[in-house]
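Good morning, and thank you for making time for this presentation. Please have the sequence and the three-dimensional view open, as I shall refer to both throughout.

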Amino acid sequence: MAEHTTFSKSVWIRTAAAAVLYILLTIANALPLAARPDARIGQHGDAYFSVWRLAWVAHQLKTSPRHLFDANIFYPEPRTLAYSDAMLLPATVLAPFGWAGTPPLLVYNVFLLSTFVLNALAAYVLVYRLVGSYAAGLLAGVIFGFSPYRFEHFDHLEMQLSFWIPLAALAWHRAVERPTTRACLVVAATVSAQVLSCIYYGIFLVTWLSVLTALWFWRTPMKAVKAGTLMLFPAMVVFALYSLPYLGNRSRVGDRPAGEIAGYSATLKDFVSAPASNRLYGWTYRFGVPERHLFPGLVAAVLLVVGLWPPLDRRRVVHAAGLLLALQLALGTNGWIYGLLYDWVLPYRGLRVPARADILILLGTSVLAGYGMARLAAWVRRWRRTGPAVLALVVGLASVEYLSRPAVHDVDTYVSTWYRMLGTMPDAVVFEWPVTVPWRLGNMVDVNYMYRSTAHWRPLLNGYSGFYPQSYIKLLIQVRPFPNSRSIRYLQEVGATVLVIHEDRHSPAKYQRALERLARDPKVQPLGSGVENGARVTFFRLLPPQAPRP
């Protein structure tokens, strides 16, 4: 089937109607957040982490771009932004909003909601152009933009940044079906954009395109080499340059251990499990574990089978192969090829969650279910009165299957004057307490401190990210008895000059005992106090250690 390439007025009208549908679905699935994007946030601490990442890039691009990756966490470690995905491209695009004074929380939430629409529209364009069926494109957008996987990662912003993948797939079709240098470079541009938006997806996408290019040109391998080089070499140069700070950190944080990867490798059972937030299938969450709720929906599965029913053309065969490859990637250590990739392809050693390759499973499902929808559309075309209603019903059923209610909570947007005052103290190196313990790094205590640091941007000993330096683990061990003299002395040694003590509303007596102990310590001087998130907070100046007497 020839690619649908006409840009008539009706095409633009249909695309606008698709965008309206996807906007409405976004609001329906995230109404509490859409209603107050300036004062609410997702339940998981990673949402605060993403607010901080976007705000840091905006701040540092304006003040010291040469030190972009030297973020203000895990002081005094270098390149701490590279302990996780920097999301450099979207963060750079959004930076002007921060420079104009838009609150970081609002920037994050509006962008998060927009990614659902962008993902759906990208899949719509891909399938509509491949199949030539408006209904198929609409369905593909619903599948790729609103499947349960999206709400499993509702608070992981980088996992929503996948709209480059369908665009790369569309550009790839043009490049292999009518090879030109320009077409190949468009593929390179979209792959580069994906790498700079989400490293996980960029690595998976390069793997997917490499294999599919080889399959497409299996009879003419030299064409595969030429096309693959033009499409992927420029993107690999971009990836190599972008990887430099990450490679610089590798000696400090190492590779992901095989045991950790195994825990995040999908099993076949995970594909019948949806996250608890899904309104219809939430009860199946018990069949999976976090990061591995990968149910694609019944409508998508049925139409996927219809799309794969013979006879098959070359495009469908290649996308079926891509789907199988994506399944193998998602299975991780439970599959056949991930171990080889881990051993021989360096970027795979930094990936913790193979199950995130489900994004390529969604891509294959969207395309092949789109073909199934086109077959259904051709079959019901004879029913002039009811045919369109049948297609609308199918799209509606898929949309209902995916309805979710991701958990959000209110954010206290008030920032203490003392936090803002830290920004005027050039020597301030901040330690905030309480902290977690080394064996519970997922407690998300420090993400709140990182979010508050957007008001001052002073260095923090605290931090949260995808990796943790050994200096931070040592810090958590040394300050366990805080605020005793030994822990205070250690904080002096590592450069802390400001202590911020927060009340734990579940244990206010602990906060009071800490204040009493600090009041007796001559190395500590009170600065002021206030209220943050409905709990008391007190700021202290920590004096530098005295030089030993001669």
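Helices, in the naming I shall use, are DSSP runs of H or I with at least four residues, numbered from the N terminus. I should also say at the outset that this is a predicted model.

Let me begin with the interior. A search of the whole structure finds one cavity of 30 Å³ or more. The space in the largest cavity is about 40 Å³. Which helix gives the most to its lining? That is helix α20, residues 445-452, which supplies three residues. The complete lining consists of Thr436, Leu441, Met444, Val445, Asp446, Val447, Gly463, Tyr464, Tyr468 and Tyr472. By character, seven of the lining residues are nonpolar, two are polar and one is charged.

After α20, the chain enters the loop between α20 and α21, where we find Trp457. Most residues other than glycine have a negative phi, and most peptide bonds are trans. Trp457 has a positive phi, near 60 degrees, although it is not a glycine.

I turn now to a pair of helices. Two packed helices are described by the angle between their axes and the distance between the axes. For helix α21, residues 470-478, and helix α22, residues 485-493, the axes come within 9 Å and cross at roughly 155 degrees. Angles over 145 degrees count as roughly antiparallel, and α21 and α22 are therefore roughly antiparallel to each other. On the α21 side, the contact is made by Ser471, Lys474, Leu475 and Gln478; on the α22 side, by Arg486, Ser487, Tyr490 and Leu491. The residues of this contact comprise three nonpolar, three polar and two charged.

The loop between α21 and α22 contains Pro483. The peptide bond leading from Phe482 into Pro483 is cis, with omega near 10 degrees. There is a cis bond to report elsewhere in the chain as well: the one from Tyr75 to Pro76, with omega near 5 degrees. Pro76 belongs to the loop between α3, residues 46-63, and α4, residues 88-99.

My last topic is the sheet. In what order do its four strands stand? The order is β3-β4-β6-β5, in an open sheet with mixed pairing. β3, residues 430-433, and β5 are at the edges with a single partner strand each, so one side of each has no neighbour in the sheet. From one strand to the next, the twist averages 20 degrees.

Within the sheet, strand β4, residues 498-502, runs antiparallel to β6 and is joined to it by five bridges. Leu499 stands opposite Phe540 of β6. Strand β5, residues 524-532, and strand β6, residues 535-542, also pair in the antiparallel sense, over eight bridges. Glu532 has Ala535 in β6 as its bridge partner. The hairpin of β5 and β6 has two residues between the strands, and there Asn533 takes a positive phi near 55 degrees.

To close, I would ask you to locate three places in the view: the cavity lined by residues including Tyr464 and Tyr468, the roughly antiparallel helices α21 and α22, and the open sheet of four strands. Thank you for your attention.

Technical notes: Residues are numbered from 1 along each chain as its sequence is written. This is a predicted model: local features need pLDDT of at least 70, side-chain atom pairs count only at pLDDT 80 or more; totals for chains, interfaces and linings use all residues. Side-chain values use heavy atoms; hydrogens and water are left out. Axes are lines fitted to C-alpha atoms, for helices over the stretch in contact, and angles run from 0 to 180 degrees between N-to-C directions. Angles under 35 degrees count as roughly parallel, over 145 as roughly antiparallel, 65 to 115 as roughly perpendicular and the rest as oblique. Contact means heavy atoms within 4.5 Å. Ala, Val, Leu, Ile, Met, Phe, Trp, Tyr, Cys and Pro count as nonpolar, Asp, Glu, Lys and Arg as charged, and the others, Gly among them, as polar. On a 1 Å grid over the protein atoms alone, a cavity is a set of points where a 1.4 Å probe fits but cannot get out, and a pocket is an open set with protein on both sides within 12 Å along at least five of seven lines; lining residues have an atom within 4 Å of a point. Grid points are joined across faces, edges and corners, and a volume is the space filled by probe spheres set on the points. Two strands pair if DSSP finds at least two bridges between them.
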